[in-house]
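This report goes through one protein chain, from a single charged pair to the packing of its helices. Please keep the sequence and the structure in view while reading.

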Amino acid sequence: MNKMPDYDIPSVRLTSGMYALTKLACAGLTYVLISLLMLGFPQHNGIPEGWPLSIPYAIYAYGLPAALVADVLLRLLRTTSHIVSLVVYVAAGFGAGLWLAAEQGAELLLWGLAGILGLLLLRVTQLGVERSPLLLPVFALFLPLLCLLLL
């Protein structure tokens, strides 16, 4: 009979679940922050003027996958350096901005820089959200839904 390895399967599931919840909370908090910043600007059908798409679509469809790619790259590099982390997030953010611009027909350089700012904001919110794990469901689900309903 084969002997099972000594690692704990539920802890692996818990770790990956907490990672996913943290990423969703980061995206939710980023969405709320950007929405609050954009309140003073004119909007048409939920899309800020000059933007090719809505704020939640930009964050969840372009920013979140880019943040996941950046995390995979950092995991593969096995580094804890903040400088390397910053460089990887900047590169992934620029890639997300170029991806958005190519698909939506927007200006490449402008949206590349916006992607960098968006992904750095995602990273900053991740650092803040990881300090309060009890608020993860609030930032991941309730606050973004409330923001969608009110705005």
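A salt bridge here is a side-chain nitrogen of Lys or Arg within 4 Å of a carboxyl oxygen of Asp or Glu. By this rule the count for the chain comes to 1 salt bridge. The model is a predicted one.

**The salt bridge**

Which two side chains form the salt bridge? The partners are Lys23 and Asp71, with 2.7 Å from N to O. Side chains of opposite charge can pair when their charged atoms come close. Lys23 belongs to helix α1, residues 9-37, and Asp71 belongs to helix α2, residues 55-77. With their positions 48 residues apart, the pair links distant parts of the chain. Are these two residues buried or exposed? Both Lys23 and Asp71 are buried.

**The chain as a whole**

The chain contains 5 helices and 2 strands. Read from the N terminus, the order of the elements is α-β-β-α-α-α-α. The C-alpha trace spans about 65 × 30 × 30 Å along its principal axes. There are 151 residues in the chain, and 32% of them count as buried. Among the contacts with a separation of 6 or more, 67% are between residues 24 or more positions apart.

**Three helix pairs**

Helix α3 covers residues 82-104, and helix α4 covers residues 108-129. The table gives the packing of three pairs drawn from α2, α3 and α4.

| Helix pair | Angle | Distance between axes |
|---|---|---|
| α3 and α4 | about 135 degrees | 6 Å |
| α2 and α3 | about 145 degrees | 9 Å |
| α2 and α4 | about 70 degrees | 10 Å |

An angle from 65 to 115 degrees counts as roughly perpendicular. At about 70 degrees, α2 is therefore roughly perpendicular to α4. The pair α3 and α4, at about 135 degrees, is oblique.

How is each crossing handed? The crossing of α3 and α4 is right-handed. The crossing of α2 and α3 is right-handed, and α2 also passes α4 in a right-handed crossing.

Next come the residues at each contact. Where α3 meets α4, the α3 side includes Ser85, Tyr89, Phe94 and Leu98, and the α4 side includes Leu108, Trp111, Ile116 and Arg123. The residues of this contact divide into 16 nonpolar, 6 polar and 1 charged.

Where α2 meets α3, the residues from α2 include Tyr57, Tyr62, Pro65, Asp71 and Leu77, while those from α3 include Val84, Val88, Trp99 and Glu103. This contact has 18 nonpolar, 2 polar and 2 charged residues.

Where α2 meets α4, Gly63, Leu64, Ala66, Ala67 and Asp71 of α2 face Leu119, Leu122 and Gln126 of α4. The division here is 5 nonpolar, 2 polar and 1 charged. Asp71, the salt-bridge partner of Lys23, is thus listed both in the contact of α2 with α3 and in the contact of α2 with α4.

**Three single residues**

Thr22 is in helix α1. With a relative accessibility of 9%, Thr22 falls under the 20% limit for buried residues, so it counts as buried. Which residues does Thr22 contact, leaving aside its neighbours within four places in sequence? They are Gln126, Val129, Glu130 and Leu136. Gln126 also takes part in the contact of α4 with α2.

Leu98 is in helix α3. Its relative accessibility is 30%; partly exposed residues lie between 20% and 50%, so Leu98 counts as partly exposed. Not counting residues up to four places away in sequence, Leu98 touches Leu108 and Gly112. Leu98 and Tyr62 are 36 residues apart along the chain, and their C-alpha atoms are separated by 9.9 Å.

Arg78 is placed in the loop between α2 and α3. Most residues other than glycine have a negative phi. Arg78 has a phi near 50 degrees, a positive value in a residue other than glycine. The relative accessible area of Arg78 is 76%; the limit for exposed residues is over 50%, so Arg78 is exposed.

Notes
Residues are numbered from 1 along each chain as its sequence is written. This is a predicted model: local features need pLDDT of at least 70, side-chain atom pairs count only at pLDDT 80 or more; totals for chains, interfaces and linings use all residues. Side-chain values use heavy atoms; hydrogens and water are left out. Axes are lines fitted to C-alpha atoms, for helices over the stretch in contact, and angles run from 0 to 180 degrees between N-to-C directions. Helices (H or I, at least four residues) and strands (E, at least two) are DSSP runs, numbered from the N terminus. Angles under 35 degrees count as roughly parallel, over 145 as roughly antiparallel, 65 to 115 as roughly perpendicular and the rest as oblique. A crossing is left-handed if the near helix is turned anticlockwise from the far one by less than a right angle, and right-handed if clockwise. Contact means heavy atoms within 4.5 Å. Ala, Val, Leu, Ile, Met, Phe, Trp, Tyr, Cys and Pro count as nonpolar, Asp, Glu, Lys and Arg as charged, and the others, Gly among them, as polar. Buried means under 20% relative accessible area, exposed over 50%, partly exposed in between (1.4 Å probe, protein chains only).
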